[in-house]
Amino acid sequence: MVKVLNQLSLRHLTLLGTSLLGSAFVLMTDESRAATTQSVPVQHKQAHTTPVAKKTAKPAPRQAARPTPEVSGGSEAVVVTGTREFGKKARDSIAPVDIVTNRQLTGTGQPTLRDSLALLLPSLTVPTGGFDAGALTDSISLRGLNPNETLVLVDGKRRHTTANIYADAGPSQGSTPVDIDMIPMSMIDHIEVLRDGASAQYGSDAIAGVVNIILKKQNHGLTMRSNTGITSEGDGFQQGVFIDGGANLNNRGFVHIGGDFVHQDHTVRSGADNRTNTYVNQLLGQPEQTRESVAINAGYDITDNVQAYASATYAHRHAESYQNYRLPSSLAKYPGYSAIYPYGYAPIEELNENDYELTAGFRGTLAGWHWDVSSVFGRDYDAVNAQSTTNVGLYAATGQTPTSFAAQAYNDTQWTNSVDLSRKFRTSFWPYAINVAGGASYRYEAYAIGTGSPASYTYSSSDGFPGTNPANAGKWSRDVAAGYLDVSTNLMKHWQLDLAGRVEHYTDVGNTKTGKVSTRYDFSPRFAIRGTFSNGFHAPTLAQEHYSALSVSPTAASGIIAASSAGALANGASALKPESSTSAEGGIIVEPIKKLHVTVDVYQIDLRDRIMPGGTIYGSQAYSALAADGFNLPSGSENWTGSQLATHWFANVANTRTQGLDLTANYPTDFGRYGHADWDVAINLNRTRLRHQTNSTTGAPLLNAQNIAYITTAYPRSKIIFGGTWRSAHNKWAVSVHEIRYGETTSQLTYYTGPYTYSTSHFLQFQNVPKWTTNASVTYNITPKWSATIGGNNIFAKFPSVVPEGNRYLGVPKYYMSTSQLGMNGGYYYLDVSARF
């Protein structure tokens with residue numbers, strides 16, 4: 001800790017003081033420090049928000065509307081994810097769901113939603129690091145599958161995805177996930193994570209599970225919070241400010257508004273650059289970013305049976321990521337540039353992102369039917385610039401050139417219109433209620449790639465991050481129409497059954513049909529079994545179908561070309577098909593002793609036609625393909641070896657089988673006047689195997705050993721979270737301690753020295769061994785409205801396994817970024833001060 005304080009700059013101390021004196025403060029009682037979630041089951045139907053109140057429940061005139069109660073996360077909580085029955089409690093549901101409350105999120109001490117969830121949920125992982133522009137988008141994965149196989153909803157409505165594709169090698173390659181950090185954390189009431197395939201309920205992407213973010217709907221109060229932290233290495237300073245509040249609308253509705261401001265500095269975890277034997281190359285580390293986000297959520301009872309509702313989110317992000325350092329000698333032939341960069345330079349990828357979503361609708365009851373008509377429009381726009389770099393080819397030809405370039409731009413749009421109906425029937429021929437739900441939706445999707453400035457793609461292009469040339473720019477769109485039906489009932493008093501089916505039509509990839517059967521039998525109030533069998537799909541995204549780009553390093557280059565481009569078709573590419581899955585899951589819910597709640601679920605996901613980059617071509621073949629697609633390559637690259645120059649395209653590369661186990665257990669202990677403790681354990685065991693590999697139309701395998709490792713062993717084999725939270729008898733103090741064990745990951749590393757230098761067939765098998773980390777915090781409730789917490793995550797500063805020097809490009813990446821195990825920042829220590837009025 002002394003080391004950290006000594007390395008704090010004056011700017012950081014100023015920010016810290018300003019934050020504590022003038023920013024956010026949120027009251028978080030002792031429960032806010034709980035570091036794990038109560039895992040509960042859920043039934044498989046679509047999410048709804050709170051239904052319109054009946055006339056008898058209408059508040060009296062001039063009486064404040066009743067606030068929405070805060071979700072506790074326990075088994076008595078009413079869940080909405082995966083069920084179309086109103087008032088379904090978690091303890092009675094069919095499939096497993098984790099409920100994470102806002103207090104649990106803030107209790108992690110993390111200023112970002114993604115990193116908070118990663119500390120709470122064993123089945124959820126995040127990348128160890130990231131490359132290039134992919135590091136500037138925050139992605140999540142469930143059950144060791146690509147982020148594209150996790151569906152994200154907001155209040156039960158499909159959320160639009162990012163336009164910033166993760167294009168570099170690794171398990172997340174090709175993903176354009178929902179960036180959940182673009183939703184203000186201050187506006188989140190709770191999150192329900194359905195750990196089950198749910199394509200029959202929600203459509204594409206719900207293969208690994210569903211994350212449903214429920215926004216706050218309280219009609220009163222003001223909450224403020226400040227979070228300040230720094231890493232164990234004295235860098236990566238972070239500051240978060242979070243404010244939200246609600247208001248009553250004439251006793252018939254509510255409006256809730258919130259906003260976040262989050263800033264994080266660079267961290268540097270690079271090894272010594274073997275060209276200079278110094279640490280001048282700062283490639284490895286978290287990007288710098290500043291994010292501002294706001295949201296509003298509102299509802300109003302037009303009549304006693306009809307409610308209007310609307311919500312909106314907006315976020316802006318500025319982020320910067322370093323590229324490999326360029327030596328001063330690289331500019332020896334260009335005196336103008338040599339004068340600008342006398343000590344060499346490191347190109348910077350700069351992202352300016354604007355993200356927004358608007359939701360509006362009406363819902364109510366009519367003739368016993370619950371109905372909901374809604375429209376959701378979302379858009380993400382990314383302008384990616386190349387800063388502090390060169391275009392030496394342009395300089396040689398014209399004698400002048402900029403050092404900053406507008407390189408690339410991406411736009412993703414989704415507009416979804418839905419009608420949902422549900423009703424519970426009672427008939428004379430069946431002794432139990434039958435819940436029937438159905439609906440239809442139409443979704444318009446569009447994806448655009450903008451052309452960079454001419455200086456970014458002409459001649460030798462902007463170094464490190466070439467701009468998009470006109471041949472690879474364009475706009476593409478498709479229409480998606482869907483309909484679903486869901487029927488649930490009891491076969492016996494203690495035996496539930498749920499049947500769901502869905503059909504969808506995509507104008508670019510055709511039709512899909514999905515179904516699901518779920519059942520649960522309660523032998524007693526303390527023991528039940530459940531099971532699900534379903535199929536699902538992930539339609540290829542428009543980005544996967546049309547994205548192309550080139551990444552250039554000092555002595556190498558790699559590209560992605562569109563599967564439908566001339567360069568790809570000439571080398572065996574074919575049109576993308578949807579991924580399809582078959583899932584089976586079974587589990588038990590048991591209370592072996594009073595108050596000890598345990599759930600155990602096992603699962604198997606067979607995923608066919610997985611979409612990942614494949615068909616890699618090298619050397620002169622790659623040069624010809626890139627040239628055919630209009631790319632300008634550095635001078636001399638036509639003579640680069642096959643290991644230095646490569647390109648590929650997205651393809652349906654393989655079939656895989658993922659098997660795993662989820663276990664959760666919770667137990668409270670009462671110490672009387674010495675307080676109360678809650679103990680918890682959560683475990684995920686996970687393994688993916690390759691079952692079949694696809695060949696290109698030329699007969700060549702689409703994957704090599706390195707690609708196969710990204711799919712099968714880049715996610716941890718296990719993740720275990722256990723610990724407890726103690727609270728004093730009068731709720732003045734809370735102490736939380738939790739251990740997280742990250743299981744092993746295995747990678748196939750490229751050689752950069754020795755006889756296999758740059759080999760595309762010989763790799764080093766590298767094991768990132770299991771790691772233990774400790775998270776701890778102490779909270780003091782200063783008054784009933786004010787509290788302060790000091791804590792740390794990974795307080796003993798554990799790091800990933802160190803990569804052998806011969807397998808580090810230029811000696812720099814000493815930790816391997818293309819996994820989803822332990823992060824590379826080390827320890828993180830924070831001060832959280834908060835208040836609620």
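This dialogue goes through features of a predicted model, one at a time.

Student: Where should I start: how many helices and strands does the protein have?

Tutor: A count of secondary structure elements is a plain first step. Here the protein has 12 helices and 34 strands.

Student: What share of the residues counts as buried?

Tutor: Burial is read from relative accessible area, and a residue under 20% counts as buried. Of the 837 residues of this protein, 62% fall in that class. The accessible surface that remains comes to about 30700 Å², and carbon and sulfur atoms account for 60% of it.

Student: How do I read contacts along the sequence?

Tutor: Take contacts between residues at least 6 apart in sequence, and ask what part of them joins residues at least 24 apart. In this protein that part is 74%.

Student: Which strands pair with β16, and in what sense?

Tutor: Pairing is read from bridges between two strands. Strand β16 covers residues 405–425 and pairs with β15, residues 369–387, in the antiparallel sense over 17 bridges. One point to look up is D382, whose bridge partner in β16 is Y410. Strand β16 also pairs with β17, residues 434–450, again antiparallel and over 17 bridges. There, F425 stands opposite I434 of β17.

Student: Why is β7 described as largely enclosed?

Tutor: Count the buried residues of the strand. For β7, residues 188–194, 7 of the 7 residues are buried, so the strand is largely enclosed by the rest of the structure. Strand β2, residues 95–101, runs antiparallel to β7 and is joined to it by 5 bridges. In that pair V100 stands opposite I191. Strand β8, residues 209–215, is also antiparallel to β7, with 6 bridges between them. In this second pair L194 stands opposite V210.

Student: How many residues of helix α12 are buried, and what do they pack against?

Tutor: The same count works for a helix. In α12, residues 705–712, 6 of the 8 residues are buried, and the helix is mostly covered. The buried ones are Q706, N707, A709, Y710, I711 and T712. They pack against four strands: β25 (597–618), β26 (645–670), β27 (676–693) and β30 (745–749).

Student: Now a single residue. Is Y314 buried, partly exposed or exposed?

Tutor: Values from 20% to 50% fall between buried and exposed. Y314 has 36% relative accessibility, so Y314 counts as partly exposed. Y314 sits in strand β13, residues 306–322. Setting aside neighbours within four places in sequence, Y314 is in contact with E292, S293, V294, N354, D355 and Y356. The C-alpha atoms of Y314 and I296 are 9.3 Å apart, with these positions 18 residues apart in the numbering.

Student: Which residues other than glycine have a positive phi?

Tutor: Phi is a backbone angle, and its sign can be checked residue by residue. Among the cases here is S388, which is not a glycine and has a phi of about 55°. S388 lies in the loop between β15 and α7 (392–398). Its relative accessibility is 31%, so S388 counts as partly exposed. Another case is N794, with a positive phi near 55°. N794 is in the loop between β33 and β34. N794 counts as buried because its relative accessibility is 8%.

Student: Where does F796 lie, and is F796 buried or exposed?

Tutor: F796 is in the loop between β33 (786–793) and β34 (828–836). A residue over 50% counts as exposed. F796 has a relative accessible area of 59%, so F796 is exposed. The C-alpha atoms of F796 and T774 are separated by 6.9 Å, while the two residues are 22 apart along the chain.

Student: How much space lies in the second largest cavity, and what lines it?

Tutor: For a cavity, read the volume, then the lining. The second largest cavity holds about 770 Å³ of space. The residues that line the cavity number 42, and R114, D115, V126, G823 and N825 are the closest to its centre. Elements supplying at least two lining residues each are α4 (113–118), β3 (124–125) and β32 (771–780). The largest share, 3 residues, comes from α4.

Student: How does that lining divide into nonpolar, polar and charged residues?

Tutor: Sort the residues by class and count. The lining of the second largest cavity has 12 nonpolar, 25 polar and 5 charged residues.

Technical notes. Residues are numbered from 1 along each chain as its sequence is written. This is a predicted model: local features need pLDDT of at least 70, side-chain atom pairs count only at pLDDT 80 or more; totals for chains, interfaces and linings use all residues. Side-chain values use heavy atoms; hydrogens and water are left out. On a 1 Å grid over the protein atoms alone, a cavity is a set of points where a 1.4 Å probe fits but cannot get out, and a pocket is an open set with protein on both sides within 12 Å along at least five of seven lines; lining residues have an atom within 4 Å of a point. Grid points are joined across faces, edges and corners, and a volume is the space filled by probe spheres set on the points. Ala, Val, Leu, Ile, Met, Phe, Trp, Tyr, Cys and Pro count as nonpolar, Asp, Glu, Lys and Arg as charged, and the others, Gly among them, as polar. Buried means under 20% relative accessible area, exposed over 50%, partly exposed in between (1.4 Å probe, protein chains only). Contact means heavy atoms within 4.5 Å. Accessible areas come from the Shrake-Rupley method with a 1.4 Å probe; for residues, only the protein chains shown count as cover.
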